[in-house]
Amino acid sequence: GVTTTEELEEVLHRQDLFNGYRSREEISATVQRRLAEIVDSKNTYLDLAAEDFNMHGLALEPFRKALLALSVREQWPQEMLHQGILANTGWLEEVNTRLRLREHDEHQRTPNVPAISGMPPTARKSSLYTFLTSTCLSGPHVPRKLQKGKCCTTDGTLKGHRTNIYNHRRSGISTDEIACAYKTKQSQEAQGIHFAVKQKLCTYLHCEADTAVTGPAHYASGEYSFFHLAYGQIGAAFEVLEPKEGGFTKRFHIAFANYKACSDPDQPAAESKAFILRYHDWMAEHCLGGTSAEAEEEETVDHDDASAAPAAKKARPYEPQAPASPAYCDETTLPMFQTVLNAVTDFQDDLSNAGKRLNKYLVQKLWYADSDLAKYANVTMRTHQYCESLTRLSGAASSHARRQWNYFECMYAIRMWLRQLEWHAALYRSAPTAGEDQMQLLPSASASLSLSLIHI
């Protein structure tokens with residue numbers, strides 16, 4: 001029954017969404033205060049994992065309520081359910097979609113949100129995983145290769161990922177037992193099992209160019225999409241995420257749960273489930289181009305198998321319906337993000353001037369802020385467009401065509417980013433590598449380029 005923009009805003013957003021963020025001065029002060037709280041906190045990741053965290057301000061109200069109803073009905077941790085929707089949203093974007101802060105920036109990012117979660121053995125992670133990777137991707141507009149999970153692996157060789165990208169412009173790691181995908185203390189080695197190589201994944205998670213000459217054939221990949229959703233027991237997930245040089249951990253949206261989620265089998269959730277399933281099918285219908293499901297070519301070829309050369313001509317090349325335009329800030333939201341990035345710089349300056357040390361992995365994560373903000377804004381834009389498509393607003397049917405993030409969407413992105421900083425800081429604080437040798441004095445940020453111009 002929504003017929004005006006004002007009515008839509010009332011449905012989608014809490015009245016206190018912008019508390020502490022109503023002006024550039026408030027944004028700067030709030031961000032620096034929250035950063036100080038995060039850095040000064042003594043909480044470990046297990047302390048955060050024991051909290052039954054509410055999702056206020058992290059998702060549009062219709063999605064937050066749907067997440068809550070489903071999590072209570074199925075006994076799933078809300079943050080993990082939300083995390084899966086973030087990962088799926090990026091996966092259902094056109095493979096050559098990229099994100100920028102400004103429309104004509106050279107630096108761009110993939111919309112994919114790679115995710116890792118740790119849960120107790122009885123936290124129903126398998127049913128949650130099946131819901132996100134199978135049920136949510138079963139709509140009539142979802143390509144068969146995504147429905148069947150052909151593009152993802154539980155464990156995969158470098159050659160396997162390259163073959164997936166060669167045939168589908170897509171690959172990924174998808175598992176509910178992270179110890180099967182990464183080598184951990186819980187992993188069991190056996191012939192035929194291949195553990196992920198973190199150094200190479202740093203390339204794939206950013207969907208960066210990958211070029212090689214293997215055997216008789218030359219291989220090159222440019223625009224592609226890489227999915228990552230890995231669940232596992234808490235110890236194994238923590239071991240995979242333990243920070244090392246190279247910045248592997250900073251790329252992930254992480255969450256842990258170390259409590260028995262509340263459950264009520266009588267909780268009405270059918271409409272909430274249908275709402276989330278329709279969202280995924282809407283994404284597939286409006287945000288994915290290329291060959292229709294009926295015309296998909298099932299045949300695949302080994303990218304470096306010379307004997308498969310004739311068959312390669314049969315494999316349908318990827319042909320998007322139209323070039324994907326970048327998503328970026330509009331003229332009102334760019335200053336909003338710039339204020340956040342400047343606040344991070346000011347916070348680092350204050351610590352440096354006070355001679356205080358900061359965990360070097362948290363510094364890496366802070367310098368990754370622009371990418372995190374862009375990814376979260378893009379996901380929120382898609383959920384906003386979906387909700388708008390259900391209304392009687394003029395232009396609702398073409399809401400998906402908008403490529404600029406609005407003020408509301410950037411606000412949710414800031415809140416999600418701060419929550420992730422909380423998780424990452426707690427994780428780094430808990431790691432065996434969190435000793436004095438992992439702390440560093442910060443160089444004066446004012447003596448270098450603005451944080452918004454630095455990309456690590």
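Reader: Among contacts in the protein chain between residues at least 6 apart in sequence, what percentage join residues at least 24 apart?
Author: This is a predicted model, in which local features need pLDDT of at least 70, side-chain atom pairs count only at pLDDT 80 or more, and totals for chains, interfaces and linings use all residues. Residues are numbered from 1 along each chain as its sequence is written, and side-chain values use heavy atoms, with hydrogens and water left out. Contact means heavy atoms within 4.5 Å. For contacts between residues at least 6 apart in the protein chain, the share joining residues at least 24 apart is 80%.

Reader: In what order do the 4 strands of the open sheet stand?
Author: Helices (H or I, at least four residues) and strands (E, at least two) are DSSP runs, numbered from the N terminus. Two strands pair if DSSP finds at least two bridges between them. The edge positions of this open sheet, whose pairing is parallel, belong to β2 (170–175) and β6 (253–256), each of which pairs on one side only. The order is β2-β5-β1-β6.

Reader: Which residue of β5 stands opposite Ile-173?
Author: Strands β2 and β5 (residues 225–233) run parallel and are joined by 6 bridges. Opposite Ile-173, the residue in β5 is His-228.

Reader: What angle does the direction of helix α6 make with that of β5?
Author: Helix α6 (residues 125–135) packs on the sheet and touches β1 (115–119), β2 and β5. Angles run from 0 to 180 degrees between N-to-C directions, and axes are lines fitted to C-alpha atoms, for helices over the stretch in contact. The directions of α6 and β5 make an angle of about 165°.

Reader: Are α14 and α16 roughly parallel or antiparallel to each other?
Author: The axes of α14 (residues 360–367) and α16 (residues 407–430) come within 9 Å and cross at roughly 160°. The contact involves Tyr-361, Leu-362, Lys-365 and Leu-366 of α14, with Leu-421, His-424, Ala-425 and Tyr-428 of α16. Angles under 35 degrees count as roughly parallel, over 145 as roughly antiparallel, 65 to 115 as roughly perpendicular and the rest as oblique. Helices α14 and α16 are therefore roughly antiparallel.

Reader: How many of the 8 residues of helix α10 are buried?
Author: Buried means under 20% relative accessible area, exposed over 50%, and partly exposed in between (1.4 Å probe, protein chains only). The buried residues of α10 (residues 234–241) are Ile-234, Ala-236, Ala-237, Phe-238, Val-240 and Leu-241; they pack against α3 (45–49), β1, α9 (198–205), β5, β6 and α16. Helix α10 is largely enclosed by the rest of the structure because its buried residues number 6.
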